[in-house]
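User: Could you take a close look at the disulfide in this model and then walk me outward from there into the rest of the fold? I would enjoy one connected account.

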Amino acid sequence: MTYKAWTEGGNLQSVRHDYVDGPNGAVSMPAKVSGASWSIQEDGGHAPRIKVVPTGKAVAHCLLQEGDDRVLDQQKGAAGQPVTCSAKR
């Protein structure tokens, strides 16, 4: 599963994503972000989720995409507001 975050008109302040980490099960981790875009491929498990916080008045976007390119969730936030994508599989 691919987790993607990006912004328009600013940069990413923070990204937190939930994924499955082997024997630890589902975990929620802050990502190391810099600039206006971020993505990673992880095992999303049954309930993948990503929360994106933009800087200033930037508009944040998020996307959860299956390995076969099927989009599970895609959202666009309001200016300066966090946005969350989530899915149940």
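**The disulfide and its surroundings**

Analyst: A disulfide links Cys 62 with Cys 85, with an S to S distance of 2.1 Å. Please keep in mind that this is a predicted model. Searching the whole structure turns up one disulfide, so the bridge is easy to keep in view as we go. The torsion about the S-S bond of Cys 62 and Cys 85 is about 90°, and the disulfide is therefore right-handed. Cys 62 belongs to strand S6 and Cys 85 to strand S8, so the pair ties together parts that lie 23 residues apart in sequence. Are these two cysteines, Cys 62 and Cys 85, buried or exposed? Both Cys 62 and Cys 85 are buried.

Now for the two strands that carry the cysteines, and the sheets they sit in. Strand S8 is part of an open sheet of four strands in the order S3-S2-S5-S8, with antiparallel pairing. S8 and strand S3 (26-30) stand at the edges of this sheet; each has a single partner strand, so one side of each is left without a neighbour in the sheet. From one strand to the next, the twist in this sheet averages 10°. Strand S6 appears in another open sheet of four strands, ordered S4-S1-S6-S7 and again paired in the antiparallel sense. Here the edges are strand S4 (37-41) and strand S7 (71-76), each with a single partner strand, so one side of each has no neighbour in the sheet. The twist in this sheet averages 5° from one strand to the next.

A good next stop is Val 52, which touches Cys 62. Setting aside residues up to four places away in sequence, the contacts of Val 52 also include Ala 5, Leu 12, Ser 14, Val 15, Ala 60, His 61, Pro 82 and Val 83. Val 52 also takes us to the largest nonpolar core, which has 16 residues. Val 52 is among the residues with the most contacts inside that core, together with Tyr 3, Ala 5, Val 15, Trp 38, Ile 50 and Leu 64. At least two residues of this core come from each of strand S1 (2-8), strand S2 (12-20), strand S5 (49-54), strand S6 (59-65) and strand S8 (83-86). As a general background, nonpolar side chains tend to be buried together in soluble globular proteins.

From the core we can move along to His 17, which is found in strand S2. With a relative accessible area of 4%, His 17 is buried. Neighbours within four places in sequence aside, His 17 is in contact with Tyr 3, Val 27, Ser 28, Met 29, Trp 38, Ile 40, Glu 42, Arg 49 and Ile 50. One of these contacts, Ser 28, has its place in strand S3. Ser 28 counts as partly exposed, at 29% relative accessibility. Besides His 17, Ser 28 touches Arg 16 and Asp 18, not counting residues up to four places away in sequence. Ser 28 and Asp 18 are ten residues apart along the chain, and their C-alpha atoms are separated by 4.2 Å. The strands themselves, S2 and S3, pair in the antiparallel sense over five bridges, and Val 20 stands opposite Ala 26 in S3. In the other sheet, S1 and S4 likewise pair in the antiparallel sense over five bridges; there the bridge partner of Lys 4 is Ser 39 in S4.

Coming back towards the strand of Cys 85, Ala 79 is found in the loop between S7 and S8. Ala 79 is partly exposed, with a relative accessible area of 43%. Ala 79 touches Lys 57, Ala 58 and Val 59, not counting residues up to four places away in sequence. Ala 79 and Gly 9 lie 70 residues apart in sequence, while their C-alpha atoms are 9.1 Å apart in space.

Finally, the whole chain. The protein has eight strands and zero helices. Its radius of gyration is 12 Å, which agrees with the value near 12 Å for a compact globule of 89 residues. Along the principal axes, the C-alpha trace spans about 40 × 25 × 15 Å. Of the 89 residues, 37% count as buried. Among contacts with a separation of 6 or more, 57% come from residues 24 or more positions apart.

Note on methods. Residues numbered from 1 in each chain as written. Predicted model: local features only at pLDDT ≥ 70, side-chain atom pairs only at ≥ 80, totals over all residues. Heavy atoms only, no water. Core = buried A, V, L, I, M, F, W, Y, C linked by side-chain atoms within 4.5 Å. Buried < 20%, exposed > 50% of the residue type's maximum accessible area, 1.4 Å probe, protein only. Contact = heavy atoms within 4.5 Å. Disulfide = S-S within 2.5 Å. Pairing = 2+ DSSP bridges. Axes fitted to C-alpha atoms, helices over the stretch in contact; angles between N-to-C directions. Rg over C-alpha atoms; globule rule 2.2 N^0.38 Å.
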